[in-house]
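Me: Could you take me on a close look at the ligand site in this structure? I'd like one connected walk through what surrounds the ligand.

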Amino acid sequence: MRAVRIHQYGSREVLRLEEAPMPSLEDGDVLVKVVAAGVNPVDWKIREGHLKEMLPHALPLTLGWDVSGVVSAVGAGVADLQVGDAVYGRPDIVRNGSYAEYVAVRASELAAKPATIAHATAASLPLAGITAWEVIVRQGRVQPGQRVLVHAGAGGVGSLAIQLAKWRGAHVIATASAANRDLVLSLGADEVIDYRSTPFQQAVRDVDLVFDTLGGTVQALSWQVLKPDGLLVSIVSPPAEQHEGRRGAFVFIGPDAEVLRELAALVDDGVLRPLVGAEFALADVAAAHELSESGRARGKIVLHVGTP
Ligand SMILES: NC(=O)c1ccc[n+]([C@@H]2O[C@H](COP(=O)([O-])OP(=O)(O)OC[C@H]3O[C@@H](n4cnc5c(N)ncnc54)[C@H](OP(=O)(O)O)[C@@H]3O)[C@@H](O)[C@H]2O)c1
């Protein structure tokens with residue numbers, strides 16, 4: 001089968017579209033014929049070797065940990081999926097990924113693909129959607145009327161976090177560049193801060209939850225906008241657990257089929273609209289990585305891999 005693999009860590013030049021062995025199934029696995037694969041910043045962070053201490057990968061490695069496709073074979077011990085089922089998921093990140101015609105995935109990590117969207121849109125949702133759910137729903141426990149600040153509201157995670165926070169009844173403030181203002185408003189944000197012209201810490205206050213998608217200075221300044229009992233959750237770098245009474249938390253998500261089912265229901269109910277900003281052929285994976293690495297992607301990036 002064709003797959004995009006790396007044989008060494010490095011820049012985009014190490015991406016190789018090549019013939020690779022068909023994945024072998026372990027007990028509990030299904031073989032998914034990949035229709036589309038999502039691209040996430042973690043893909044190029046792994047490619048560059050930044051996460052090699054944390055994630056034990058064997059090389060060569062097939063990248064990509066967002067998939068939408070069709071079950072084409074079922075391993076031993078799998079009872080709830082059958083050949084032909086349309087599924088989507090964020091597979092285990094230490095195994096070979098979805099930039100390939102086929103990927104082996106634990107059945108327990110998959111859910112039925114949302115029925116009302118194409119595979120390419122479904123492939124954009126698992127990793128970023130599980131992340132947004134973890135922060136807004138599980139950690140943040142956002143309640144109606146609370147004030148939520150979402151940094152990078154135009155990004156893959158931010159564009160979903162805005163929608164989930166609105167669904168929970170929050171007043172949502174998002175940061176974005178001026179070019180993405182209308183996009184972020186269309187996702188449901190109540191206020192948009194152009195972070196390039198306005199220091200957000202001067203424009204926002206009394207926030208219950210800060211969703212930190214950027215780390216660094218943005219994280220450090222975010223304490224200032226929180227209520228005294230507010231919560232800062234980062235998905236980039238661990239904040240202090242306490243800062244003048246305010247709480248901090250870090251999240252690194254894993255596979256989560258339960259949340260995938262919640263997200264699919266919201267999509268099929270018309271509540272959640274995954275935003276795909278750029279689509280590429282598998283052969284153009286380097287261009288997809290270049291866009292992701294730029295930090296300027298709008299919504300999600302997906303690769304078209306095969307047919308259902
Ligand atoms: N811990 C976890 O489990 C987890 C899960 C998912 C993602 N992550 C990490 O979270 C980060 C965000 O992921 P993502 O997929 O959302 O990234 P992304 O889609 O690549 O983010 C791109 C967006 O960031 C915005 N942006 C860039 N600099 C900004 C700034 N200073 N202020 C406000 N917006 C800014 C850009 O909007 P403008 O062009 O308008 O500036 C662009 O729309 C990445 O580092 C990723 O690795 C971690």
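Reply: Happy to; here is the ligand site, from its place in the fold down to single contacts. Please keep in mind that this is a predicted model.

Let's start with where the ligand sits. The space it takes is the largest pocket. Domain 1 (2-123 + 275-304) and domain 2 (128-250) both contribute residues to the shell around the ligand, so the ligand lies between them.

Next, the shell itself. There are 25 residues around the ligand, and those that come nearest are Lys-45, Ser-177, Tyr-195, Val-251 and Ala-297. By character, the shell divides into 14 nonpolar, nine polar and two charged residues. Several elements each supply at least two residues of this shell: helix 1 (41-47), helix 3 (126-139), helix 4 (156-167) and strand 10 (171-176).

Now for the polar contacts, which you may want to follow on screen. Lys-45 places a polar side-chain atom 2.7 Å from an oxygen atom of the ligand. Arg-296 also has a polar side-chain atom by a ligand oxygen, at 2.8 Å. With Ile-235 the backbone takes part: one of its N or O atoms lies 2.9 Å from a nitrogen atom of the ligand. As for cover, the ligand taken alone exposes 940 Å², and the protein buries 87% of that.

Finally, two backbone details in loops that adjoin helices named above. The loop between helix 1 and strand 4 (61-62) holds Pro-60, and the peptide bond from Leu-59 to Pro-60 is cis. In the loop between strand 9 (147-150) and helix 4 you will find Ala-152, which has a positive phi of about 60° although it is not a glycine. Most residues other than glycine have a negative phi, and most peptide bonds are trans.

Conventions:
Residues are numbered from 1 along each chain as its sequence is written. This is a predicted model: local features need pLDDT of at least 70, side-chain atom pairs count only at pLDDT 80 or more; totals for chains, interfaces and linings use all residues. Side-chain values use heavy atoms; hydrogens and water are left out. A residue is near a molecule or strand if one of its heavy atoms lies within 4 Å of it. A polar contact is a pair of N or O atoms within 3.5 Å; within protein, one must be able to donate a hydrogen and the other to accept it, and residues adjacent in sequence count only if both atoms are side-chain atoms. Accessible areas come from the Shrake-Rupley method with a 1.4 Å probe; for residues, only the protein chains shown count as cover. On a 1 Å grid over the protein atoms alone, a cavity is a set of points where a 1.4 Å probe fits but cannot get out, and a pocket is an open set with protein on both sides within 12 Å along at least five of seven lines; lining residues have an atom within 4 Å of a point. A molecule sits in a cavity or pocket if more than half of its atoms lie within 2 Å of its grid points. Helices (H or I, at least four residues) and strands (E, at least two) are DSSP runs, numbered from the N terminus. Ala, Val, Leu, Ile, Met, Phe, Trp, Tyr, Cys and Pro count as nonpolar, Asp, Glu, Lys and Arg as charged, and the others, Gly among them, as polar. Domain bounds come from an automatic or database domain assignment.
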